[in-house]
Each structure stands twice: as structure tokens, then as C-alpha cells.
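Please open the structure in your viewer and keep the selection panel at hand. The tour below moves from a pocket to one of its residues, one selection at a time.

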Amino acid sequence: MALSSSSSTSIFALALFTTLLLIGSSSAQLSENFYDSKCPKVFYAVKSVLQSALAKEPRQGASIVRLFFHDCFVNGCDGSVLLDGPSSEKIALPNKNSLRGYEVIDAIKSKVEALCPGVVSCADIVTIAARDSVAILGGPNWKVKLGRRDSTTGFFNLANSGVLPGPNSSLSSLIQRFDDQGLSTKDMVALSGAHTIGKARCVSYRDRIYNENNIDSLFAKARQKNCPKGSSGTPKDNNVAPLDFKTPNHFDNEYFKNLINKKGLLRSDQELFNGGSTDSLVRTYSNNQRVFEADFVTAMIKMGNIKPLTGSNGQIRKQCRRPN
């Protein structure tokens, strides 16, 4: 049956609309080669600044990974955690006097802007820097998906609402918080393995080393020397201890071995191996670093895909601490 001219026009318009929709949809996806032509030297810029920073203070690597985690869990991976101002996530309870690494991100952004002005988002810089921090400290390397754009505001209230798991979280709470972000229990355990590097403040583990039973007594006593029982509310709250006391500056699977020996620093760490549903996975990771690293990479990529701003949403900030 022949179509009328008006029908043909309608079908053509519909086909054109569908094509444009598909093009728009695909362009909004994150891509491993997003900056291949726009800013091919972005990876060199990020890594060169990081190598210098981590040579001076290896802990900065863990701080950058934590920035990535705290950014993605609060309204998606949009660089909002970097913003100053009245709605800043930096002053939310889980982050205040705790999150670090902002100056390193600033230095990276400055170098990237000199190479490619207005092209690379702060959200992508944090993503690349988290990957490179793991690799520089001896962990796996992987290709990161890029193309995120930056939010124009922070989300103080959301950061304060409980979306970020705390150091005293129960296993069920940890599982739920990660599930809320579309991450599985396996993802949660693998990502917890980032605690193979970095340090925690006394205020985060004081209660555990004095009041809990599922902790090696000699390990607890060693931690108590730098975290006095009656020092709550004093500057000693900020005394730090390594999350992995065996290899604190090397990304490996010792963290999981520590848990089996009841030497997890935080309550939320030891909850992963405390007679619950994740015990078997902790044993697997403690025995096989390759399996841990593969699952860690998968989980990092999944976490980086949480609600990114793409296409025309958001902006490319010129400075990471404030919107344009």
C-alpha cells in the first residue's frame, strides 16, 4: 500500500528524531578514550603530580581514593566533594577534619588546565587520580571511563544524611549503604580492601580498641599507646594509626589477612570477618591477591559510574573549589 506524502514525512521525522536521540544517548556515555583527541596528555599530567606528592607522603594516595569514594556516594561522581562554600560537603560530619588530598587535586587541575584549558572536569581528575594512586602504591592498573562533568553545588545535607558508611558500621549497614548505590556485597568487600593503604584517626577506632572482644589483645594494646582512653575531645583524637599495620604504604591483600587474625583497626573493617556472610570472601581475598585485585577494579569502575553528569549537564570547572 502506497503511503501519502504526509505519512512519509511523519515517518521520516520520527526516524530522524530516533536517530538523534540515539546519538545524544551514546554521546552521554562515559568512554575510555574520551580525551584521546581533546586532551591526550591528561594522564601524564595527573600521574606526574601524583608521583611527586606520593613520594613525599604515601598516605596521600589513600586520601585520593577516599575522595573518589566520598564524591561518588553523595549524589554521584560529580566533583561536588571538592567545592568550598556554605553547602560544602567538606564540612559535613563524615568529612570534616577527615577528608584530605584537596591540595593535590588542585595541583593536578592547575597542570591539566595549562595543557588543555576548560576541557577536563574535576570529577574525571579525581577518577584518574584514584586509579593512579592505587597503581603507584603497587596495586592494579586499569582503564578508566571518562566524560564526567562537574556539579555547580555541594550537597552538605545529603553528605550528612547517612549515605556514607561510618567507621562503626555493622555488616548489615555496610551492605545496605553500598546496595543503595547499586553496588553488591562483593563490591563492598573488595572496595573495603582499599584500607590496605592509609591511616585512620584515633576518634574512629578508640571505642574498638578498648571495648570490643573480637580484636587481638596485643594489637589493641599497641594501638592504645597512641590513642589514650580518656583523651576524647582533645587533640589526641587526631592521632593516626595505619589501617593495615603490616604494609601501610603498599596496595596488597594484607588487609584481609589482618581481619582473619582479628587485627582490623575499625569496627567496620572487622565486621567483614566476624562470623557473617562475608567471611568466605575475606578468606578468598586473603589467599588470592589476583582475585581481590580483579574484583577491586570491577568495583571501582562500577562506583565511577554512579550518576555521572554528562552531555550538557553540569560544567567543566576552571577551579575545582568553586563553580565557574
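For sorting residues by character, Ala, Val, Leu, Ile, Met, Phe, Trp, Tyr, Cys and Pro count as nonpolar, Asp, Glu, Lys and Arg as charged, and the others, Gly among them, as polar. Bear in mind throughout that this is a predicted model.

Begin with the largest pocket, which has a volume of about 1,000 Å³. Its lining is made up of 42 residues, and if you select Arg66, His70, Ser98, His195 and Leu266 you will have those closest to the pocket's centre. By character, the lining residues divide into 23 nonpolar, twelve polar and seven charged.

Next, colour domain 1 (41–160) and domain 2 (171–302): both give residues to the lining of the largest pocket, so the pocket lies between them. Then select helix 3 (59–72), which supplies the largest share of the lining, seven residues. Other elements that give two or more residues to this lining include helix 7 (171–179), helix 9 (202–211), helix 12 (267–270) and helix 14 (289–304).

Now centre the view on His195, where UniProt, in an unreviewed entry, places the feature "binding site". Where along the chain is histidine 195 found? Histidine 195 sits in the loop between helix 8 (185–192) and strand 1 (199–201). Its relative accessibility is 25%, and because buried means under 20% and exposed over 50%, histidine 195 counts as partly exposed.

Finally, show the contacts of histidine 195: leaving aside its neighbours within four places in sequence, histidine 195 is in contact with Leu243, Asp244, Tyr255, Leu266 and Asp269.

Terms used. Residues numbered from 1 in each chain as written. Predicted model: local features only at pLDDT ≥ 70, side-chain atom pairs only at ≥ 80, totals over all residues. Heavy atoms only, no water. UniProt positions renumbered as here; feature names shortened; annotations may be inferred. Helix = DSSP H or I, 4+ residues; strand = E, 2+ residues; numbered from the N terminus. Buried < 20%, exposed > 50% of the residue type's maximum accessible area, 1.4 Å probe, protein only. Contact = heavy atoms within 4.5 Å. 1 Å grid on protein atoms, 1.4 Å probe; cavity = no way out; pocket = protein on both sides within 12 Å on 5 of 7 lines; lining within 4 Å. Points joined across faces, edges and corners; volume = space filled by probe spheres on them. Domains from an automatic or database assignment.
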